[in-house]
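Here is a short tour of a protein model, written for someone who likes to think at the bench. Have the structure open and follow along.

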Amino acid sequence: MASVSLDSCRNMALHNNKLIRMARENVKGASLLRDAARSAYLPGIDFTGTYMYNQHEIRLLGEDAKLPTMSFDPTTMSYQYNLVKGPDGMPIKDPSSGNYIPSEVAIIPKEAMTYDVHNVFAGAFTLTQPVYMGGQIRALNEIAGFGEKIAAAMQNKVMQEIVYSVDEAYWTVISLKEKKLLAESFVNLTDSLERNVKAMLEEGVATKSDLLAVEVRANEAKIALVKVNNGLSLSRMALAQLCGLPAQTQFELEDEEIQNPVVTEKPLTANMEDVYARRQDLEVVRQTINMLKGKEKLSLSEMLPKVALLGAYSFSNPNVIDGFKRKFGGGFSVGAALTVPIWHWGGDYRRYKAAKTSTTAQRLLLEDLEEKVQLQVSQAQFSLDEAGKTYEMSLTNLKKADENLRQAELGFQEGVLTTNDVLMAQTAWLSANSEKIDAEIGIRLCHTYLSKVLGTMEY
């Protein structure tokens, strides 16, 4: 089976991890929202269709209408009403109503002014072109643009977190693999000592108590080996899950066989302004501040006038254009709309002030996070420096533990040291090796963490 490098694990995680895939989908969604906001500059075209059933017809007349008629009078060169006249030639009035009595009338039947509107179909195509919306459309576009930047920064932040988690899991596997080898070596040491003590017991130069003490230590070493094996299996599963692979995937890591040299140089002093600019969590807050500024503009636009051009083509059946005929008919109409807010009891202004307070609160949050980032960087630098010193000391202790174990074994063979002396030397040797492994992995993790807090982690 080909070994997998740290970079390969990172790449698999960046391509397969579900959290990163979710972040990518969020970026796509933010990009679509930005495109949707841009479309608000363009005219909107809509269609509305309706159907309505009416119980009654429309009757404009309650009964037949009788209308007086007029005739042309050449003497006056004008039209005169045709009225009933008396013997004296004067028009006669109706005693009951006091109105003149027409001699001729035109009849408008009631049925002629009755229209069938039981089934009414209507529709309209409308076009709306914003001209000036108080800066609302511009603010919405700015908010959508900042939302896209926030989503991108969130994606970068998630990627950094995943890479750091992969590095941590990777080096945990390496650490446990080294501790497994160490545990196996310790089991071999205790088994060898157990064999020697048994031989000495048979020769009468060791006691049963010495053998029991060695056997207890041998059993403890085997139990420790089982625990390390279980921990190694679980850590491999955790690494596979981070890489987006099935948890039971079996693969070997490159650094299990060949170890890169541990770098213990002193951490460099960081320019905090550059760190602030690179940190993606701070970028999220900065873009959130910009978004809140856009919401301020959006709230302000509610207090400004708005102008739009309107156009429509509407039609209906029956249509009123041609005398309520049972056919579709319609026409075009164009116009403009102006809306001027006058008085809303201060509601719009208070919403604007509330938006400004949200922006101020976010600025304070950014300042607080920058202070915490500065503390993070200092802690990471101190941790790396401490890890380097711990590693150097562990190497020195390991040399002493190796020599101490060698001297104890020689003294035991020559009979000048007891079994307890050898067990103590083996325990010290095991502890020194374990501390050396922890210090070595600690340096690598401190380097990774420092690059994370500095914002220089490659992903």
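## The cysteines

Let's begin with Cys243, which has a relative accessible area of 0% and is therefore buried. Please keep in mind throughout that this is a predicted model. Cys446 is buried too, because its relative accessible area of 17% falls under the 20% cut-off.

How many disulfides does the model contain? The count comes to zero. Cys243 is in no disulfide, and the nearest cysteine sulfur, that of Cys9, lies 4.3 Å away. A pair of cysteine sulfur atoms has to be within 2.5 Å to be counted, so the 4.3 Å between the sulfurs of Cys243 and Cys9 does not qualify.

## Helix α4

Now look at helix α4, which runs over residues 208-242. Does its length agree with what its residue count predicts, or disagree? At 1.5 Å a residue, its 35 residues should span 51 Å, and the C-alpha atoms at its ends are 51 Å apart, so the two values agree.

Which residues of α4 are buried? They are Leu211, Val214, Ala218, Ala221, Leu225, Val228, Leu232, Ser235, Arg236, Leu239, Ala240 and Leu242. You will find Ser235 and Arg236 in that list alongside leucines such as Leu232 and Leu239. The partners that the buried residues of α4 pack against are α1 (6-16), α3 (136-203) and α8 (419-454). Just after the helix, Gly244 adopts a positive phi of about 80°.

## Val158 in helix α3

Helix α3, one of the packing partners of α4, is also where you will find Val158. With 21% relative accessibility, Val158 counts as partly exposed, because buried would require a value under 20%.

What does Val158 touch, leaving aside residues up to four places away in sequence? Its contacts are Leu19 and Ile20. Another pairing to look up is Val158 with Gln280: the two are 122 residues apart in sequence, while their C-alpha atoms are 9.2 Å apart in space.

## A nonpolar patch on the surface

Finally, turn to the surface, where Met70, Phe72, Met77, Tyr79 and Tyr81 form a nonpolar patch. Together these residues have about 600 Å² of accessible area. Strands β4 (70-73) and β5 (78-81) each supply at least two residues of the patch.

Met70 is a good residue to pick out here, and its place is in strand β4. At 41% relative accessibility, Met70 counts as partly exposed, because that class lies between the 20% and 50% cut-offs.

How values were computed
Residues are numbered from 1 along each chain as its sequence is written. This is a predicted model: local features need pLDDT of at least 70, side-chain atom pairs count only at pLDDT 80 or more; totals for chains, interfaces and linings use all residues. Side-chain values use heavy atoms; hydrogens and water are left out. Helices (H or I, at least four residues) and strands (E, at least two) are DSSP runs, numbered from the N terminus. The expected span of a helix is 1.5 Å times one less than its number of residues. Buried means under 20% relative accessible area, exposed over 50%, partly exposed in between (1.4 Å probe, protein chains only). Contact means heavy atoms within 4.5 Å. Patches are made of residues with over 30% relative accessible area and no salt bridge: like charges are joined within 9 Å, nonpolar side chains (Val, Leu, Ile, Met, Phe, Trp, Tyr) within 5 Å. Accessible areas come from the Shrake-Rupley method with a 1.4 Å probe; for residues, only the protein chains shown count as cover. A salt bridge is a side-chain nitrogen of Lys or Arg within 4 Å of a carboxyl oxygen of Asp or Glu.
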